[in-house]
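Here is a quick walk through one protein chain, starting with its cysteines and working outwards. Have the structure open as you read.

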Amino acid sequence: MSDESPPDGWEAHERRMWEAYRRGEWCEDVPVVRGEVLRWLLVAAPRPVRGRLARLRLRGAHVTGVLDLAEAVVQGAIRLRACRFDEAPCFDGGQFSVLELTDCALPGLTAVGARVGQECEIVGCAPSGRG
């Protein structure tokens with residue numbers, strides 16, 4: 001495996017998300033993504049395509065499992081719009097440059113001690129209180 005290709009075992013739509021991340025483009029064709037895949041993508045971030053900024057820009061995905069970014073240091077922007085989470089994301093103690101959650105459905109969210117350097121926007125989210 002190189003920085004130019006996603007890990008073995010990723011679904012085709014997760015591979016498309018990998019490429020969109022490397023190009024800094026919005027990814028809207030990912031119906032379902034595993035929280036562990038998002039974590040891997042953000043923590044072991046691949047190099048951006050030359051001349052581009054790597055960042056996660058995901059719209060309309062169903063996130064299964066836990067998105068656990070506790071104590072992670074994430075360099076690129078995270079922008080999640082209209083995503084639906086099965087479990088509460090955990091950002092406890094994490095360090096982020098940009099963190100945006102817009103119009104997401106989530107059972108909860110924890111971010112105790114999280115630090116965001118440039119922009120933090122959490123708007124229009126509907127916590128269900130299950131998490």
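## Cysteines first

The sulfur of Cys90 has its closest cysteine sulfur in Cys120, at 15 Å, which is too far for a bond. Cys90 is also tucked away: its relative accessible area is 16%, and that makes it buried because the cut-off is under 20%. Keep in mind that this is a predicted model.

How far is the sulfur of Cys83 from the closest cysteine sulfur? The partner here is Cys104, and the gap is 4.9 Å, again too far for a bond. A disulfide would need the two sulfur atoms within 2.5 Å, so by this rule the count comes to zero disulfides. Cys83 is buried as well, with a relative accessible area of 2%.

## The overall fold

Stepping back, the chain carries two helices and 10 strands. Along the sequence they run α-β-α and then on through β-β-β-β-β-β-β-β-β.

As for size, the radius of gyration is 14 Å, which agrees with the value near 14 Å that a compact globule of 131 residues would have. If you want a box for the C-alpha atoms, roughly 40 × 30 × 20 Å along the principal axes will do.

## Surface, contacts and charge

Of the 131 residues, 40% count as buried. The accessible surface comes to about 6,700 Å², and carbon and sulfur atoms account for 47% of that.

Now for the contacts: take those between residues at least 6 apart in sequence, and 33% of them join residues at least 24 apart. On the charge side, there are 17 positive and 19 negative charges, and the mean positions of the two sets sit 6 Å apart.

## A buried glycine

Gly24 lies in the loop between α1 (12-23) and β1 (32-34). Is this loop residue buried or exposed? Gly24 counts as buried, at 2% relative accessibility.

Leaving out residues up to four places away in sequence, Gly24 touches Leu53, Arg55 and Arg57. There's also a C-alpha separation to note: Gly24 and Pro48 are 24 residues apart along the chain, and their C-alpha atoms are separated by 7.8 Å.

## The loop between β3 and β4

Two neighbours in this loop are worth a look. Ala70 is found between β3 and β4 and counts as partly exposed, at 26% relative accessibility. Which residues does Ala70 contact once neighbours within four places in sequence are set aside? They are Arg39, Cys90, Phe91 and Asp92, which brings us back to the buried Cys90. Another cysteine, Cys27, is 43 residues from Ala70 along the chain, with 24 Å between their C-alpha atoms.

Glu71 sits in the loop between β3 (62-64) and β4 (73-74) too. At 67% relative accessibility, Glu71 counts as exposed.

## Positive phi values

Most residues other than glycine have a negative phi. Glu71 goes the other way, with a positive phi of about 60° although it is not a glycine.

Where does Asp103 fall among the strands? Asp103 is in the loop between β7 (95-102) and β8 (105-106). Its phi is positive too, near 55°, and Asp103 is likewise a residue other than glycine.

Conventions. Residues numbered from 1 in each chain as written. Predicted model: local features only at pLDDT ≥ 70, side-chain atom pairs only at ≥ 80, totals over all residues. Heavy atoms only, no water. Helix = DSSP H or I, 4+ residues; strand = E, 2+ residues; numbered from the N terminus. Rg over C-alpha atoms; globule rule 2.2 N^0.38 Å. Buried < 20%, exposed > 50% of the residue type's maximum accessible area, 1.4 Å probe, protein only. Contact = heavy atoms within 4.5 Å. Areas by Shrake-Rupley, 256 points an atom, 1.4 Å probe, with all protein chains shown as cover. Lys, Arg positive; Asp, Glu negative; His and termini not counted. Charge placed at Lys NZ, Arg CZ, Asp CG, Glu CD.
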